[in-house]
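User: I'd like to go through this one with you, a helix and then a ligand site. Here it is.

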Amino acid sequence: MSAALEVEGLSVAYGKVEALHRASLRVPEGSIVTVIGPNGAGKTTLLGAIMGLLASRGTLRYAGAALEGLPTEDRVARGMCLVPERRELFAGMSVEDNLLLGAFHRRGAGARALAADMTEVYGRFPRLAERTRQLAATLSGGERQMLALGRALMAKPRLLLLDEPSLGLAPRVVREIFRIIADLKRTGVSMLLVEQNARAALQVADYGYVLEIGDIVMEGPAAGLAGHPRVIETYLGLSAKTSQPD
Amino acid sequence: MNEDIFLWLIQDGVTNGAIYALLALALLLVFAVTRVIFVPQGEFITFSALSLALLEAGRTPGTLYILVIGGLAAAAMEAFVALRERAWRRLPRIAALYVLLPVAVAVLVAWAAPRKFDQWIQVLLVLAMVVPLGPILYRIAYQPLANASVLVLFIVSMAVHYVLTGLSLVFFGSEGLRSRPFWDAKFRLGVLEVSAQSICVVVASLVLILILWFLFEHSIYGKALRATAMNRVGARLVGIPTVLTGHLSFLLAALIGAVSGILIAPITTLYYDTGFLFGLKGFVGAILGGMGSYPLAALGSIAVGLLESFSSFWASAFKEVIVFTLIIPMLAWLSLRSRHVEEDEE
Ligand SMILES: Nc1ncnc2c1ncn2[C@@H]1O[C@H](COP(=O)(O)OP(=O)(O)OP(=O)(O)O)[C@@H](O)[C@H]1O
Ligand SMILES: [Mg+2]
């Protein structure tokens, strides 16, 4: 299967401290790949480097084409999209404007197409539909998460990078988010999913990587990883820990 | 002071204040979007005011040389990047935007200058010469440093300011110029004699502010500018190009500068370096407004205009001193309020 994303020997440093050491991974076309790992392992760093927000060394290929030197906005224009850990919403703008700007690179698509996409997003997140005029800054934490995901959906990405999309959400909303992820997969979107909620992530994913202090220490088909004793002990645990406060 | 003088001073202050308000808005916009403290704003005022006065006199303004030289420099930089990246398809667009357009405007102006067309045509010619200078300037001086710190960008701004002032002296010489008023009438309003020119200034400023507000609220590009100002990382993640917002904000700043110059030209005699002082007062207005809110900046600018007008009556020698001293308590308050000035780097 051809790869939507290929990462080879990717290193990222903050000043002198290297946070990611020659990581390599692959997201096959149309599949969901998850990266799990403890706090501070470098998961967010990895996603930032893939989007071009952080300078990195190593090779990055998206749909077969090299990404080196390409600014973030060009990566977005080619169909990559990140739901960042800090959400990075436009706080002083309405829910509607945030969604509209999510489709900025598709601004030529025509008002009708965008309105249809917006209706679809509102259909998925009725809470947002009730708050189209509300400022993003005044949304609750969970609503903000929904808006961040909704904004990403407006971009119609081919490769979606998700940084802890279920962080701090109520179980019912978490289920909704994972349902959206499964839906998107059916429409052919490739995904790289970073989650604290390793159980849910491994359930929805096809393949998984374990990242620890900047190194990929384990990888394998998701089902296999979920059954691996070390993963069970460290990441699935006995307690039903689902998410970690920020 | 009698009532006449009092009202006259108010009229004078509000007229100047309206122009400072425009400049303050441009400064805030450019700073919020690009983090550039746009010192050279004043040069756009000078260029447009002097160009208008020269066109009225039937002379060819040197602005067209500045435009062509700037365009060629920007074209060279763009072409260099395109050649290095082997992106041949970009070359025609570069040639059209940075070479053909400036040369066409220059030829048009050179042809029109001795013919002394109507004033409104001259105004359009001035806008055509000065407004493109904004994006050209951004391309040459700021785009290569888009990720630099506020301080570095400020130093660049100072350098650009000196270069442009130098060019201004070369092309306009050191004589002071003033243009004809747009509307040479006076109305009696009770005891006050209102000049039509002041009304023009205030109305034009208001209209421009309303247009800008409409663009920011209702167009996707205006929203992209606001989004960039609010959250730089978020803006990049939805695919808003830094280069695009940079060009747009400089385009609007140049437009505002040019319009201010056109509005001021009939009221004040301008020299090659006068614009800087106007820009600085817009900056004081923005600071008085707390350096964040557009409406407060507009109010602050009106306050600057009034203060200036009254202090020129009571203590004309200290007029500038009084205006610029005003920012010290304001800056102290601002720095107390936000102990930590954010140098946002992602
Ligand atoms: N801007 C920064 N400057 C310096 N160090 C940083 C910076 N951002 C992250 N780090 C460090 O890099 C390492 C990896 O951070 P990263 O945010 O990628 O972890 P993570 O795997 O996403 O963790 P979490 O699960 O808590 O979100 C951490 O040790 C962190 O302290
Ligand atoms: Mg993280």
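Analyst: Let's start with what packs over α7 of chain B: the cover on its buried residues includes α1 (3–34), α2 (41–56), α3 (63–84), α6 (133–142) and α12 (275–288) of chain B. Contact here means heavy atoms within 4.5 Å, and buried means under 20% relative accessible area, exposed over 50%, partly exposed in between (1.4 Å probe, protein chains only). Helices (H or I, at least four residues) are DSSP runs, numbered from the N terminus. This is a predicted model, where local features need pLDDT of at least 70, side-chain atom pairs count only at pLDDT 80 or more, and totals for chains, interfaces and linings use all residues. Residues are numbered from 1 along each chain as written, chains are lettered from A and ligands numbered from 1 in the order written, and side-chain values use heavy atoms, with hydrogens and water left out.

User: How far apart are the end C-alpha atoms of α7(B)?

Analyst: Helix α7 of chain B runs over residues 150–172, so 23 residues at 1.5 Å each should span 33 Å. That expected span is 1.5 Å times one less than the number of residues. The model agrees, with the end C-alpha atoms at 32 Å.

User: Which residue follows α7(B), and what is its phi?

Analyst: Among the buried residues of α7(B) are B:V150 and B:F172. Right after the helix comes B:G173, with a positive phi near 70°.

User: Is B:T15 buried or exposed?

Analyst: B:T15 sits in helix α1 of chain B. Leaving out residues up to four places away in sequence, B:T15 touches B:S198, B:V201, B:V202 and B:I267. Its relative accessible area is 5%, so B:T15 is buried.

User: And what is the relative accessible area of B:L251?

Analyst: B:L251 belongs to helix α11 (residues 242–264) of chain B. Neighbours within four places aside, B:L251 is in contact with B:V131 and B:P135. B:L251 is partly exposed, at 33%.

User: Over to ligand 1: how much of its accessible area does the protein cover?

Analyst: Side-chain N or O atoms come within 2.6 Å of a ligand oxygen at A:T44, and a polar side-chain atom of A:E85 is also 2.6 Å from a ligand oxygen. Of the 640 Å² that ligand 1 has on its own (Shrake-Rupley, 1.4 Å probe), the protein covers 57%.

User: Which helix gives the most to the shell around ligand 1?

Analyst: The shell has 13 residues, each with a heavy atom within 4 Å of the ligand. With three residues, the top contributor is helix α1 (residues 43–51) of chain A.

Note on methods:
A polar contact is a pair of N or O atoms within 3.5 Å; within protein, one must be able to donate a hydrogen and the other to accept it, and residues adjacent in sequence count only if both atoms are side-chain atoms. Helices (H or I, at least four residues) and strands (E, at least two) are DSSP runs, numbered from the N terminus.
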